[in-house]
Amino acid sequence: MVFSRQPPFLFVHIDKAAGSSIAIALQPIASRPKRSRWRRRLMWLGPLNRLGLYRALEFPAHAYAIHAKRCLPPAVYDNLFKFAFVRNPWDRLVSRYAYLLNNEKHPRHEFVRRMKTFDDYVAWEMRRGKFFQHTYVTAAGGKLIVDFIGHYERLSEDFQKVCARLGVKAELPRTNASSHRDYRTYYSPSARDLVGNYFQRDIELFGYDFDGLKEDGTKA
């Protein structure tokens, strides 16, 4: 997550959706406190508006929007341009799988490498009960609490919309990219259906189907 007081914005960083590239592109234009452990710990104190401590706050890289909303004074949060980027859940899962297989230093590399099939990996991710995207940008009841949802599938176009909204110019670097073939070739019919059912909320909210982003893909 990137919280900037000037220009006022909040970038909610969802992993495996070009978030690292976006965060790097935004760093030169964001006013941010120096990184420190105590600044990150401030988030767990809850609302910080009375003390004004929110000015020193640094959110963890993958904090949810609701965490920022709870910590910041309402007037501050409402004044921020809040945005995130999402990705087709089927594609994102393959990207995560390829990343774990190719990154020998990752603590789960050997565990995933020993799996016999991609179906095994899908089943493991489902058992973990994580990797949702909607939880990053919604509050209780599923209400969106950000102003704009960009899509990985039209990354350059949507990132330029963000820059235009902020009145800045920035270029996207390419970082943390996973190398793999077309994600659709990884899926058996059963794995495809399993992902479709498990990530149903992400798929419906952000306008996806198995083949990609629908023409009317949701934009907040």
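Begin with the whole protein chain in view: among contacts between residues at least 6 apart in sequence, 70% join residues at least 24 apart. The model is predicted. Colour the protein chain by secondary structure to find eleven helices and six strands. Buried residues account for 51% of the 220 residues.

**Stop 1: helix 7**

Select residues 118-128, which form helix 7. Its buried residues are Phe118, Tyr121, Val122, Trp124, Glu125 and Met126. What do these buried residues pack against? Show helix 5 (89-102), helix 6 (109-113) and helix 10, and the partners are on screen. Step just past the end of helix 7 to Gly129, which has a positive phi of about 70 degrees.

**Stop 2: helix 7 with helix 10**

Keep helix 7 and add residues 189-198, which are helix 10. The two axes come within 10 Å and cross at roughly 20 degrees. Angles under 35 degrees count as roughly parallel, so helix 7 and helix 10 are roughly parallel to each other. Their crossing is left-handed.

Now show side chains at the contact. On helix 7, select Asp119, Val122, Ala123, Glu125 and Met126. Opposite them, on helix 10, are Ser190, Ala191, Leu194, Val195 and Tyr198. By type, the residues of this contact comprise seven nonpolar, one polar and two charged.

**Stop 3: helix 5 with helix 10**

Hide helix 7, keep helix 10 and bring in helix 5. The axes of helix 5 and helix 10 come within 10 Å and cross at roughly 110 degrees. That angle makes helix 5 roughly perpendicular to helix 10. The crossing of helix 5 and helix 10 is right-handed. For this contact, select Pro89, Trp90 and Leu93 on helix 5, then Arg192, Val195 and Gly196 on helix 10. Four residues of the contact are nonpolar, one is polar and one is charged.

**Stop 4: the nonpolar cores**

Which residues have the most contacts inside the largest nonpolar core? Select Val12, Phe59, Leu72, Tyr121 and Tyr187; the core they belong to has 47 residues. Tyr121 was already met among the buried residues of helix 7.

Centre on Tyr187 and display its neighbours. Leaving out residues up to four places away in sequence, Tyr187 touches Pro89, Trp90, Leu93, Val94, Phe118, Val122, Arg192, Val195 and Phe210. Of these, Pro89, Trp90 and Leu93 also take part in the contact of helix 5 with helix 10, and Val122 appears in the contact of helix 7 with helix 10.

Apart from the largest nonpolar core lies another, of 21 residues. To locate this other core, select Ala23, Ile29, Phe85 and Phe159, which are among its members.

Technical notes
Residues are numbered from 1 along each chain as its sequence is written. This is a predicted model: local features need pLDDT of at least 70, side-chain atom pairs count only at pLDDT 80 or more; totals for chains, interfaces and linings use all residues. Side-chain values use heavy atoms; hydrogens and water are left out. Axes are lines fitted to C-alpha atoms, for helices over the stretch in contact, and angles run from 0 to 180 degrees between N-to-C directions. Helices (H or I, at least four residues) and strands (E, at least two) are DSSP runs, numbered from the N terminus. Angles under 35 degrees count as roughly parallel, over 145 as roughly antiparallel, 65 to 115 as roughly perpendicular and the rest as oblique. A crossing is left-handed if the near helix is turned anticlockwise from the far one by less than a right angle, and right-handed if clockwise. Contact means heavy atoms within 4.5 Å. Ala, Val, Leu, Ile, Met, Phe, Trp, Tyr, Cys and Pro count as nonpolar, Asp, Glu, Lys and Arg as charged, and the others, Gly among them, as polar. A nonpolar core is a set of buried Ala, Val, Leu, Ile, Met, Phe, Trp, Tyr and Cys residues joined through side-chain atoms within 4.5 Å. Buried means under 20% relative accessible area, exposed over 50%, partly exposed in between (1.4 Å probe, protein chains only).
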